[in-house]
Amino acid sequence: MSDATLHMTDRNPDDFSVQIADQVESFLVAVTEVAKGDEPDSAVPFLLLEVSQLLLAGGRLGAHEDIVPDERYEPDPGPEADVDELRENLARLLEPVDVYSEVFDPYEPRTAPVPARISDDLTDVISDLRHGMVHYRAGRTTEALWWWQFSYFSNWGSTASAALRALQSVVAHVRLNQPLAALDGLDTDQGMGDDTLEIEAGRVMAEEIGTPLGVRSVK
């Protein structure tokens, strides 16, 4: 199925699969555009909006009954698209706030937070969504829905939720005029001790993300 037929007029806009595919495609297009860096001042709030909208689709998939694919084995969707350039562009764009701390499983007792990157999270989510979109464009609608639902539970749902929490925290710090603490060199290839509980997403550059939010510069 080509791009031109993705939204064919004979597809019911109220159909569940069409609505999910529309939200997935919107996210893919929007994040790709943000990563170009043409409007760096609005990148964080725009990503916050896009991830929030995507998680609405995820919530609908999660609440839906189990989707059973038409075939026992997944048809080969072909080679995965390379996301390295996208990841690198997002990392440069988000550099002041890219690294943050995350707890993978809130129900795992005494789990220590670990460093993560918003840029890694977003490209990881995009890889999962693109995989399902290949099936959808090829007309394998049930296969696409199954993949999006399965990967929502197994990967992109928690990953997008973590990124959303980080983005919301950045925007909240800016709006409340509360600068974030410095990372002091922490990165995702380093472990975090039990005493490292103050780690935040890096020092916010208010002149980069505060202006489009209508917030005065943080001194």
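## A helical protein and its aromatic residues

Start with helix H2 (residues 43-63): at 1.5 Å a residue, its 21 residues should span 30 Å, and the end C-alpha atoms are indeed 30 Å apart, so the two values agree. Keep in mind that this is a predicted model. A good part of H2 is tucked away, with Ala43, Val44, Pro45, Leu47, Leu48, Glu50, Val51, Leu54, Leu55, Ala57, Gly58 and Leu61 buried.

Now for the overall picture. The protein has six helices and two strands, and along the sequence they come in the pattern α-α-α-β-β-α-α-α. There are 219 residues, and 41% of them count as buried. The protein exposes about 12100 Å², with carbon and sulfur atoms supplying 50% of that. If you take contacts between residues at least 6 apart in sequence, 73% of them join residues at least 24 apart.

What about the core? The largest nonpolar core holds 48 residues, and the ones touching the most other members are Ile20, Phe27, Leu61, Leu122, Leu129, Trp148 and Trp156. Helix H1 (16-35), H2, helix H3 (84-93), H4 and H5 each put in at least two residues. H5 gives the most, with 13 residues.

Tryptophan 156 deserves a closer look. Leaving out residues up to four places away in sequence, tryptophan 156 touches Leu54, Leu55, Gly58, Leu61, Val125, Asp128, Leu129, Trp148 and Ser151. Among these, Leu54, Leu55, Gly58 and Leu61 are on the list of buried residues in H2.

On to the rings. A search of the whole structure turns up six aromatic pairs. A pair like this is described by the distance of the ring centres and the angle of the planes. Here are two of them:

| Pair | Centre to centre | Angle between planes | Geometry |
|---|---|---|---|
| Tryptophan 146 and tryptophan 147 | 6.2 Å | 50° | tilted |
| Tyrosine 152 and tryptophan 156 | 5.1 Å | 65° | edge-to-face |

Why does the first pair count as tilted? The planes of tryptophan 146 and tryptophan 147 sit at 50°, and because stacked needs under 30 degrees and edge-to-face over 60, tilted is what remains. Tryptophan 146, at 23% relative accessibility, counts as partly exposed, while tryptophan 147, at 14%, counts as buried. The cut-off for buried is under 20%, which is why these two get separate labels. Trp146 and Trp147 also join Phe150 in one aromatic cluster.

The second pair sits within a single helix. Tyrosine 152 and tryptophan 156 are four residues apart in helix H5 (residues 141-175), so about one helical turn separates them. An α-helix has 3.6 residues a turn, so residues three or four places apart point the same way. Both tyrosine 152 and tryptophan 156 are buried.

Finally, two residues from helix H4. Histidine 131 lies in H4, which covers residues 118-137. Is histidine 131 buried or exposed? It counts as buried, because its relative accessibility is 9%. Setting aside neighbours within four places in sequence, histidine 131 is in contact with Glu74, Pro77, Glu80 and Trp147. That last partner, tryptophan 147, belongs to the tilted pair above.

Methionine 133 is in H4 too, and is buried with a relative accessible area of 3%. How far apart in space are methionine 133 and leucine 28? Their C-alpha atoms are 9.9 Å apart, although 105 residues separate the two in sequence.

Technical notes. Residues are numbered from 1 along each chain as its sequence is written. This is a predicted model: local features need pLDDT of at least 70, side-chain atom pairs count only at pLDDT 80 or more; totals for chains, interfaces and linings use all residues. Side-chain values use heavy atoms; hydrogens and water are left out. Buried means under 20% relative accessible area, exposed over 50%, partly exposed in between (1.4 Å probe, protein chains only). Contact means heavy atoms within 4.5 Å. Accessible areas come from the Shrake-Rupley method with a 1.4 Å probe; for residues, only the protein chains shown count as cover. The expected span of a helix is 1.5 Å times one less than its number of residues. Rings of Phe, Tyr and Trp (its six-membered ring) pair if their centres lie within 6.5 Å; planes under 30 degrees apart count as stacked, over 60 as edge-to-face and the rest as tilted. A nonpolar core is a set of buried Ala, Val, Leu, Ile, Met, Phe, Trp, Tyr and Cys residues joined through side-chain atoms within 4.5 Å.
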